[in-house]
Amino acid sequence: MATPNQDDIKLQLGDVLLVTDVQNDFLPGGSLAVARGGEVVPVLNRYIDIFTARKLPVFATRDWHPAHHCSFRERGGPWPPHCMQGTHGAEFSSALRLPPSAVVISKASTPDEDAYSSFLGTGMDGQMRAAGIRRIFIGGLTTDYCVLNTTRDALRLGYRVFVLADAIRAVDVQPGDGRRALEEMARLGARCITAGEIAA
Ligand code: VGL
Ligand code: ZN
């Protein structure tokens, strides 16, 4: 059998779905709610169905801060308190249908360091390599922080990255941040796709 082409959008062994930070605090009603963040949930559920039907792995990341994390305003950081370990705000959306086999990656859990990339200090690269993963299909929250920084690191580490354009939303602290993040990811070599392209 011929080696599958790394750029072929057709799912293949070595592909992973990376569901990023679909946590209550980033969703409507949460302390750092992302505009229209809830819209990613049904779309991600569709991707989850596609990947699990093909027996491909699903990883799910969560922002997992201790109380008084350095990224919080009380410590001079940019954000309101959010995604504190063990709180309702840090839980995955109950509408997200993660499979029981999903590998959960917790990030930014050190009090004095922030981490927007899911690779930073999590061991995710090692876990993905051990699982034979070569291509990452990334969606979730937020386009301009975790998705952007994780994509940058993934590309640097040699993975192929497909950004799920229909399953991401931006914080947009500055209007246009999400659009610029998408442009940067594309410039760095990520490919933007939508569910219709792989569901066929
Ligand atoms: C994130 C804002 C604050 C993210 C984390 O994971 O995208 N954004 N903390
Ligand atoms: Zn955070």
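What spacing do the donors of the zinc ion (ligand 2) follow along the chain? I looked this up before anything else and noted D-x1-H-x16-H for the zinc ion (ligand 2).

**Basis of the entries**

I record that this is a predicted model, in which local features need pLDDT of at least 70, side-chain atom pairs count only at pLDDT 80 or more, and totals for chains, interfaces and linings use all residues. Residues are numbered from 1 along each chain as its sequence is written, chains are lettered from A and ligands numbered from 1 in the order in which they are written, and side-chain values use heavy atoms, with hydrogens and water left out.

**Entry: the zinc site**

I listed the residues that coordinate the zinc ion (ligand 2) and found Asp63 (OD), His65 (NE2) and His82 (NE2), at 2.0 to 2.1 Å. Donors here are N, O and S atoms within 2.8 Å of the metal (3.2 Å for Na, K and Ca), and sites may look incomplete because water is not among the atoms. I then checked the angles among the four donor atoms of the zinc ion (ligand 2), which run from 88 to 170°, and entered the site as irregular. For that label I used these rules: four donors count as tetrahedral if all angles lie between 85 and 135 degrees; four count as square planar and six as octahedral if opposite donors are over 155 degrees apart and all others between 65 and 115; anything else is irregular. For reference, I noted that ideal angles are 109.5 degrees for four tetrahedral donors.

I placed both histidines, His65 and His82, in the loop between strand E2 (58-63) and strand E3 (103-107), so the pair ties together parts that are 17 residues apart in sequence. Helices (H or I, at least four residues) and strands (E, at least two) are DSSP runs, numbered from the N terminus. His65 and His82 are buried; the term means under 20% relative accessible area, with exposed over 50% and partly exposed in between (1.4 Å probe, protein chains only).

**Entry: Val22**

I located Val22 in the loop between strand E1 (15-20) and helix H1 (40-53). Its relative accessibility is 0%, so I entered Val22 as buried. The C-alpha atoms of Val22 and the zinc ligand Asp63 are 9.2 Å apart, with their positions 41 residues apart in sequence. Apart from residues up to four places away in sequence, Val22 touches ten listed partners, including Leu27, Phe92, Gly140 and Leu141; contact means heavy atoms within 4.5 Å.

**Entry: backbone features**

I followed Leu141 to its next peptide bond, to Thr142, and found that bond cis, with omega near 0°. Thr142 is in the loop between strand E4 (135-141) and H3.

Where do Ala108 and Asp172 lie? I found Ala108 in the loop between E3 and helix H2 (124-130), and Asp172 in the loop between strand E5 (160-169) and H4. Phi is near 55° in Ala108, a positive value in a residue other than glycine, and phi of Asp172 is likewise near 55°. Ala108 is buried at 7% relative accessibility, whereas Asp172 is partly exposed at 34%.

**Entry: helices H3 and H4**

I examined how helix H3 (residues 143-156) packs with helix H4 (residues 177-188): the angle is about 10° and the axes are 10 Å apart. Axes are lines fitted to C-alpha atoms, for helices over the stretch in contact, and angles run from 0 to 180 degrees between N-to-C directions. H3 and H4 are therefore roughly parallel; angles under 35 degrees count as roughly parallel, over 145 as roughly antiparallel, 65 to 115 as roughly perpendicular and the rest as oblique. Among the residues that meet are Val147, Leu148 and Thr151 in H3, and Ala181, Leu182 and Met185 in H4.

Thr151 is buried, at 1% relative accessibility. Leaving aside neighbours within four places in sequence, I found Thr151 in contact with Ile138, Val161, Val163, Met185 and Ala190.

**Entry: Val16 and Asp49**

I placed Val16 in strand E1, where Val16 is buried with a relative accessible area of 0%. Val16 and Arg134 are 118 residues apart along the chain, and their C-alpha atoms are separated by 8.1 Å. In contrast, I noted Asp49 in helix H1 as partly exposed, at 37%. From Asp49 to Pro80, C-alpha to C-alpha, I recorded 34 Å for 31 residues in sequence.
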